[in-house]
Amino acid sequence: MVSRRDFLKLSGAAASLAVFAATNAESIFNHFSDPGEVINPDKVEIGTDVDVKYSVCLQCHSGCGIRCKIQDDRLIKIDGNPYHPNTLEPHLPYSTDPQEALNYAGRICAKGLAGMQTLYDPYRVKQPLKRSGPRGSGQWTAITWQQALNEIVNGGTLSGAKEGEADYTFAGLSEIRKFISTAEELMPGGKTMEEIISLRLSTEDNSAYRSQITEAEWAAMENYLIDPYAPELGSKSNQLVHMLGRGEHGRKEFTDRWFGESFGTINQRNDHTDICELSHHVGWKLLSGKTHLKPDLINCEFLLLFGSSLLEAGFPFLATARKITRAINEGRLKYVVVDPRYSRTAMHSMKWVPIIPGGDAALAMGMVKWIIDNGKYDQGYLENTGKDAASNDNESTWTNSTYLVQVEGDNKGSFLKIDDKIQIVAKGTVNVVDFDGVDHGELDPGEIIVNGVKCKTSFRLLKDNANEWTLEQYAAEAGLDVNTIVELAAEFTSHGKKAATEFYRGPVQHTNGLYTALALVTLNTLIGNGDWKGGIVAGGSHWHEMGTKTGNPYYPDVSLQSKIYPSKTKSWGVRLSRAGAKYESSTEYLKNGYPAQKPWFPLLGKDLSHVCLQGIADQYPYPIKAVFITKANFNYSTPGMRGIIEQTFTDNNKVPLFVAFDVIVGEFSSFADYILPDGTYLEQWATPHVSPVILTKTSGVRTPTVPLLYPGIKLEEDYLIDIAKALSLPGFGNDGFDVGVPLNNASDWYLKSIVNIALEGEGVPGETQDAKLNYVLARGGRFEDYSQAYSGEKVNHKFGKMFNIYSEQLGTTKDSMTGQLFFGTGKYVRIADAMENPIDNIDSSFPFRLITYKTAIHTQSRTIANPYLVELWPENWIVINSKDALTLGVSDGDIIKIISATNSNGVEGKAKLREGIRPGVVGVSHNFGHWQYGAKPQRIDAKVTESDPERAVGIQSNEVMRLDTSIGGTMCLTDKIGGSASFYDTRVRIEKA
Amino acid sequence: MGIQSTINNFETFKELAEARGNIYSLLSQFFLQEPSKEIINAIRGSGFLKHFSNFLEALGKVNLFKEYLFNNLKRDEEFQRLKQEYMNLFKVPGPKYVKPYESVYRDGQFGHGKAQGFVMGKSTIEVKKFYRQAGAKISNNHKDLPDHFGLELAFMQFLVKKELDAWKHENKKCAVKYLDLQNSFLTIHLTQWSDDFCLELSKLTNNDFYRGLAEITRRYISKDKSEVEQILKEVKSV
């Protein structure tokens with residue numbers, strides 16, 4: 001037996017070797033390093049130096065699982081994760097051993113495969129940059145993270161924002177947040193903030209209002225409030241604005257916590273959904289409470305695709321295209337494409353319906369009218385009054401078709417209630433009864449007068465709206481013939497529950513987008529296809545990373561932490577975008593009434609980026625002091641607003657401080673004062689969800705596949721935590737989650753989120769929390785087996801709730817520009833500006849309508865950085881019908897110019913003559929026409945960076961899209977209800993360049 | 001023996017970890033690299049052999065090895081011969097090649113004339129997983145397989161180093177975690193094949209250095225395993 005003494009003796013000798021080793025330059029004695037990560041998952045091993053790491057793609061938003069091969073910390077190959085339902089049909093059972101799983105590869109698309117080039121883009125920003133010339137001039141100084149932190153927190157000096165302007169000083173975050181506190185603390189013994197606001201909103205005269213407030217209160221209010229005369233606007237901390245381009249679950253909750261809950265600004269997130277498909281979300285939400293439901297593609301017999309080109313740009317593209325292809329091959333599915341452009345999806349359709357852009361609701365409401373007139377709706381389903389009635393009828397969903405709505409008086413738009421119970425007319429009677437008193441109600445008992453108030457059913461309101469136009473008028477508005485409407489309506493209603501409509505952004509990024517969304521959703525409701533195989537389904541959803549479910553041990557969602565987060569800062573007030581704010585509860589309304597200066601969006605939330613940008617531009621409703629952006633490229637991506645955005649962001653009075661988290665100098669971040677280089681998605685974390693197209697429960701987890709590529713890069717989360725500590729923000733640091741539960745870095749945040757996913761309910765094997773975590777990480781997430789998709793003739797994960805035919809919320813909300821109530825059902829209205837002037841009238845001298853579209857090869861604003869993809873699809877064009885081209889004397893390949901009322905200089909591009917686009921319409925795909933993003937050199941200190949001018953290839957049609965001149969021309973045409981920025985309503989003229 | 005007086009500040013555990021780490025470091029070098037002039041010079045240097053001699057005494061009869069270190073290694077031509085022997089044993093798949101990988105010894109039925117395991121077998125994967133789970137990343141300098149005998153010794157050094165760091169921060173919980181890891185790595189990996197491997201090494205070489213190395217390594221690993229168990233028992237009882 002060796003004694004301890006001998007060991008110790010030997011230690012002296014061996015130490016002399018160790019000392020020798022340390023002086024050896026190669027340090028060959030260190031065979032292991034400690035990467036300092038707490039994450040040591042149970043991964044598969046395939047070679048001595050090749051690692052396999054699971055993560056989730058983010059070339060687009062589909063959230064496909066990926067499997068990466070890593071050699072010496074270099075990403076060498078990306079495959080699909082075969083456990084992930086986006087990539088295989090069926091995907092591997094979750095219990096499959098990771099070693100066995102190596103024998104299978106999921107599929108990912110060209111964009112996903114090219115993701116390596118996002119990681120290894122040579123033009124990435126490699127260290128923090130501070131602007132040293134005017135904004136957007138491309139002149140930078142390389143600085144340390146510490147310097148950036150000092151200046152962002154404490155304020156500093158910047159070069160003039162425009163050429164020739166003097167240097168200026170700006171307020172740091174600590175100054176912006178200086179007076180944050182609760183109103184109660186500010187006004188001890190005085191009025192509460194609610195009382196102040198209610199006093200204001202009932203006192204029109206300023207001096208009368210002022211005279212009811214004490215000097216002490218007023219002094220506190222001047223410190224604390226943006227405008228004491230408009231207290232509802234909120235605290236000065238709202239003057240920090242965060243804007244998010246591509247947000248991801250996990251990341252956006254993190255930034256919401258940081259900016260909203262901890263810093264205390266109401267202007268958190270402001271993400272890009274409004275330039276994506278917002279009215280689609282809002283439409284679904286108003287009618288179902290969920291932001292989107294999708295058709296069960298595999299079992300559907302008839303699919304009516306409005307705009308959605310599911311074989312090239314769906315979400316998730318691969319899974320959607322695969323399911324459709326399979327359903328066609330198995331002889332089940334036929335589908336119709338409603339789209340002004342003959343897309344690749346239209347090529348395989350039974351019919352292409354080249355509709356006039358913006359006419360989708362005319363077609364849909366025409367179908368609604370025909371379906372109602374011909375009694376082709378599912379009457380029994382619609383007559384069911386509630387859950388029990390539905391259940392007796394073998395239905396898991398029901399509608400409010402029979403609910404009585406007041407159509408006059410003070411409560412116009414509200415359901416008729418007696419003793420808080422919604423009233424209906426019992427089936428086969430004239431008796432008005434509680435909705436839950438009978439199983440069936442009358443769909444259209446005519447106008448009913450109850451207690452002197454005129455009422456109609458929800459169904460009748462829909463019918464009335466459908467009857468506002470004749471089928472001939474609808475056909476004319478949609479640019480179709482009546483037969484098409486009838487044929488589609490007849491086909492749609494001849495497959496029982498196995499038919500559905502599908503749409504995303506195409507029909508809703510119009511000024512009439514929300515009503516269109518309602519009409520398209522309602523077609524499904526009329527045939528009662530909810531939860532049925534082949535009908536509309538809610539999808540498998542996901543396990544909950546934010547700690548909202550039983551069994552979740554951690555609480556990343558700060559709203560759940562009132563107990564452990566006592567110093568939580570409440571953000572309150574009116575967003576710059578006026579999202580979620582009622583105009584009628586503002587001082588402006590009190591003084592001016594209708595119309596508001598600019599539209600307000602009471603039904604919306606955190607995702608109204610372009611209106612936020614308009615708010616910054618107009619300093620409406622108030623001026624701001626600093627803007628932070630994350631992965632955002634708004635001057636490139638927002639229709640019509642490049643000029644407004646760039647004017648605003650070169651004005652240091654409107655934007656004193658502009659900080660960008662980005663991976664590259666993008667079009668928007670090129671105007672920043674500080675660019676803070678973030679990791680790409682292959683270096684990041686997140687907990688992305690998937691679309692309801694996936695019927696099984698799915699929680700992919702994105703974990704870093706390689707270490708951060710350059711030593712000068714930091715993850716945004718890590719840096720925001722540094723700033724939080726410097727500002728002493730609550731909710732971060734050693735006790736960030738709870739006493740002794742730290743939130744000191746990104747992995748603290750995400751690993752806890754992933755533990756929540758692993759621990760929710762049964763199903764993840766493992767004795768300990770770590771073992772379960774490893775099990776999830778070793779498979780790239782948590783996935784329910786494919787066999788769990790259906791149960792009998794319905795889907796397993798049911799929506800199980802009510803679909804509204806009529807949205808009371810919408811029907812009782814007023815348009816801030818007209819003071820009129822909105823309509824609560826689907827409806828066709830013409831394309832118009834905010835003051836309801838039809839665009840066709842104003843812009844009649846511009847004969848063409850401009851649309852955009854997507855391809856399978858490119859996505860968003862980012863793929864120009866992927867040479868693989870540019871090789872496959874090297875440029876974009878102005879697609880024009882050959883008949884139109886003939887009239888204009890334009891040949892294929894000619895350089896032509898599209899000019900609009902907003903942009904008289906126009907933009908130039910190559911003409912592409914096609915039969916496959918409706919005459920009178922021109923189409924330009926997105927993704928091209930960059931002017932930064934590596935296309936231009938930057939000067940960093942004395943050095944000029946390399947760049948690739950080829951990245952500027954093609955055109956960006958956003959630059960000719962129409963601004964809404966009826967409200968000052970500082971924002972693009974917009975859906976006043978759903979908030980969608982209009983991409984398809986601009987009329988243009990074509991000239992040969 | 002004699003640890004009670006210092007038990008509260010973990011001083012003894014710290015010293016033990018330091019010593020054990022150095023031994024694993026030394027042993028792993030002998031397997032991972034051809035003998036270099038520098039190492040040999042360091043061995044020849046003051047104090048080392050004397051201490052080492054005590055160590056060898058404690059391990060048992062390895063006189064030829066000692067003799068070799070004290071006498072033969074002083075000759076330069078012997079140094080060249082030693083380097084050649086290293087290449088023959090560990091690098092060149094010739095008649096002396098000892099195939100220093102766990103999967104060769106464990107994933108087949110070991111023995112002459114019987115099937116041996118392939119490289120990159122199940123054990124290799126298990127070893128690599130173990131490294132990862134312990135938070136150890138194989139350095140890019142290591143171009144050989146993960147279940148190389150020398151690398152497994154180096155991994156023990158890594159774990160002991162982490163244990164030592166924990167003692168330095170007076171973090172008993174963490175130290176126990178790494179002691180547990182050492183214990184299980186010794187149990188489920190190293191001791192499962194160190195005897196077979198070292199005996200095979202002894203058979204294939206006539207060189208007293210490598211015969212001696214095989215013997216002391218084999219014995220040391222087995223002693224260290226009981227040592228770790230003992231330490232764990234003591235730590236947990238504190």
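## A tour from Glu477(A) to chain B

Glu477(A) is buried, with a relative accessible area of 15%. The cut-off for that word is under 20%. Keep in mind that this model is predicted.

**Stop 1: Glu477(A).** Select helix 19 of chain A, residues 471-478. Glu477(A) lies in this helix. Which side chain makes a polar contact with the side chain of Glu477(A)? Show Tyr828(A): the two side chains meet in a polar contact of 2.7 Å. Now show the other contacts of Glu477(A), setting aside neighbours within four places in sequence. They are Ile356(A), Gly359(A), Ala362(A), Trp469(A) and Arg830(A), and Tyr828(A) is in the list as well.

**Stop 2: strand 24 of chain A.** Select residues 657-662. How many of the six residues of this strand are buried? Six of the six are, so strand 24 is largely enclosed by the rest of the structure. In a regular strand, side chains alternate between the two faces of the sheet. Colour the two sides of strand 24 separately. One side carries Leu657(A), Val659(A) and Phe661(A). The other carries Phe658(A), Ala660(A) and Asp662(A). Both faces are covered.

**Stop 3: the partners of strand 24.** Add strand 23 of chain A, residues 626-630. Strands 23 and 24 run parallel and are joined by five bridges. To find one of these pairings, pick Ala626(A); its bridge partner in strand 24 is Leu657(A). Next add strand 25 of chain A, residues 674-677. Strand 25 also runs parallel to strand 24, with four bridges between them. Here, pick Asp662(A) and look across to its bridge partner, Pro677(A).

**Stop 4: the barrel in chain A.** Six strands close into a barrel in the order 33-37-34-36-35-40. The pairing is mixed. Neighbouring strands of this sheet are turned by 45° against each other on average, direction ignored. Zoom in on strand 34, residues 878-881, and strand 37, residues 921-925. Do they run parallel or antiparallel? They run antiparallel, and three bridges join them. Select Ile878(A) and then Val924(A), its bridge partner in strand 37.

**Stop 5: chain B.** Switch to chain B and colour by secondary structure. Ten helices and one strand appear. From the N terminus, the order is α-α-α-α-α-α-α-β-α-α-α. Of the 238 residues in chain B, 56% are buried. Among contacts with a separation of 6 or more, 69% link residues 24 or more positions apart. Finish with the surface: chain B exposes about 10,300 Å², and carbon and sulfur atoms supply 50% of that area.

Key: Residues are numbered from 1 along each chain as its sequence is written. Chains are lettered from A and ligands numbered from 1 in the order in which they are written. This is a predicted model: local features need pLDDT of at least 70, side-chain atom pairs count only at pLDDT 80 or more; totals for chains, interfaces and linings use all residues. Side-chain values use heavy atoms; hydrogens and water are left out. Buried means under 20% relative accessible area, exposed over 50%, partly exposed in between (1.4 Å probe, protein chains only). Contact means heavy atoms within 4.5 Å. Accessible areas come from the Shrake-Rupley method with a 1.4 Å probe; for residues, only the protein chains shown count as cover. Two strands pair if DSSP finds at least two bridges between them. Axes are lines fitted to C-alpha atoms, for helices over the stretch in contact, and angles run from 0 to 180 degrees between N-to-C directions. A polar contact is a pair of N or O atoms within 3.5 Å; within protein, one must be able to donate a hydrogen and the other to accept it, and residues adjacent in sequence count only if both atoms are side-chain atoms.
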